[in-house]
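Let us walk through this structure step by step, beginning with how its helices and strands sit together and ending with how its two chains are related.

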Protein chains: 2
Amino acid sequence: MSFDEQELPEEVRQSVEEAWPLFVEFLKKKDARVTQARKIVLTQVFSRHDHFCADDLAAELSSGMNHVSRGTVYRTLALMEEAGLVRVIRDTDVHAHYEHTFNHPHHEHMICDKCGQFIEFADDEIMVLIEQACKEHEFEERNHRIVIFGTCAACKAKEG
Amino acid sequence: MSFDEQELPEEVRQSVEEAWPLFVEFLKKKDARVTQARKIVLTQVFSRHDHFCADDLAAELSSGMNHVSRGTVYRTLALMEEAGLVRVIRDTDVHAHYEHTFNHPHHEHMICDKCGQFIEFADDEIMVLIEQACKEHEFEERNHRIVIFGTCAACKAKEG
DNA sequence: ATTACTGCAAAGCATTTGCAAATGC
DNA sequence: GCATTTGCAAATGCTTTGCAGTAAT
């Protein structure tokens with residue numbers, strides 16, 4: 001556990017400082033180990049990453065002093081998902097996208113067909129209606145996801 | 001174009017009879033060809049398939065007189081999606097699920113974590129709110145999808 | 001000391017693609 | 001006859017896994 005985090009931007013350092021103890025608690029509850037690799041991955045997730053894919057993260061951690069292998073990145077992201085620290089979006093046909101959920105309230109996504117941008121939006125009314133629908137079907141919700149596909153304002157403008 | 005559809009159940013035959021001309025029209029508009037393989041795939045999609053995956057469909061068409069190769073099945077499903085005749089759901093971690101949309105009004109899904117069952121539900125109010133959200137973000141919707149993950153009534157009962 | 005975790009490279013799996021032969025136009 | 005589509009099998013790309021070595025408890 002001797003991983004240097006002094007050069008992190010203040011904002012990132014703060015997120016990590018809050019999120020890491022939660023992950024540690026989660027790991028201990030699971031009788032899993034608190035390892036350096038797991039801290040590096042968590043730190044990287046909270047560094048300048050809004051939406052990212054596992055492979056990019058793995059690439060970033062593939063060299064330099066804070067090296068973590070691809071396999072471990074995937075394994076750790078799965079743990080972080082289980083811990084509720086990241087969210088996975090698998091709707092596009094390419095590969096899964098992740099985002100960190102810590103200090104990031106629940107929201108849904110619009111994905112632009114043209115530029116691939118993720119636009120976040122939240123709607124409490126929709127949430128209520130979804131809860132209602134679950135009740136009607138006696139379905140116990142664990143999680144939900146809304147994705148809207150289409151064209152974003154910027155791309156529409158560009159098209160003329 | 002000498003493909004025998006006489007043994008199809010009445011209901012299926014009817015769906016095919018209605019959907020096929022739409023697909024033909026779509027193909028012509030696209031300067032693509034109206035082929036036997038495409039008709040076989042479309043027919044199979046409308047046969048006893050609520051939710052299915054490309055690979056199962058390919059397996060069903062891998063032998064017998066109405067043979068279509070895996071590659072063609074994937075290619076044709078992509079065309080059918082473009083034509084708006086099938087819908088793809090890519091939220092589970094395994095593989096994409098398809099469903100035909102013809103004679104099947106728009107709806108969303110609940111997926112049971114335990115048994116994998118797809119439960120369909122529709123909610124007009126949610127649709128309206130989604131439209132609203134798009135307007136607010138100047139996003140031009142092409143399509144949307146809601147998926148709720150959790151436990152279905154049957155599995156909850158089984159658990160006690 | 002014991003047991004879990006990591007790295008690596010190899011395997012897996014759904015999906016896509018290149019190319020020669022077949023088919024629709 | 002010409003261009004597109006098909007079948008096949010090989011390739012692709014993301015993700016998972018087996019195993020020997022390494023680190024955490």
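**Helices, a shared sheet and two copies**

In this predicted model, helix α5 of chain B, residues 124–136, lies across β4 (108–112), β5 and β6 of chain A together with β6 of chain B, and runs at about 130 degrees to β6(B). Helix α5 of chain A, also residues 124–136, packs on the sheet as well, where it touches β6 (140–151) of chain A together with β4, β5 and β6 (140–151) of chain B, its direction making about 130 degrees with that of β6(A).

What is the order of the strands in the sheet? The sheet is open and has 6 strands, which follow one another as β5(A)-β4(A)-β6(A)-β6(B)-β4(B)-β5(B), with mixed pairing. At its edges are β5 (118–121) of chain A and β5 (118–121) of chain B, each of which pairs on one side only, and from one strand to the next the twist averages 25 degrees. Strands of a sheet pair through backbone hydrogen bonds, either parallel or antiparallel. In chain B, strand β4 (residues 108–112) and β5(B) run antiparallel and are joined by 4 bridges, with B:M110 standing opposite B:I119 of β5(B).

It remains to see how the chains are related. Chain A is superposed on chain B, with an RMSD of 0.1 Å, by a rotation of 179 degrees with 0.1 Å of shift along its axis. The two copies are therefore related as by a two-fold rotation axis, and in chain A the C-alpha nearest that axis belongs to A:I146, 2.2 Å from it. Because 100% of the interface residues of chain A are also interface residues in chain B, the copies meet through the same surface.

Methods
Residues numbered from 1 in each chain as written. Chains lettered and ligands numbered in written order. Predicted model: local features only at pLDDT ≥ 70, side-chain atom pairs only at ≥ 80, totals over all residues. Heavy atoms only, no water. Pairing = 2+ DSSP bridges. Axes fitted to C-alpha atoms, helices over the stretch in contact; angles between N-to-C directions. Contact = heavy atoms within 4.5 Å. Least-squares fit on C-alpha atoms with pLDDT ≥ 70 in both.
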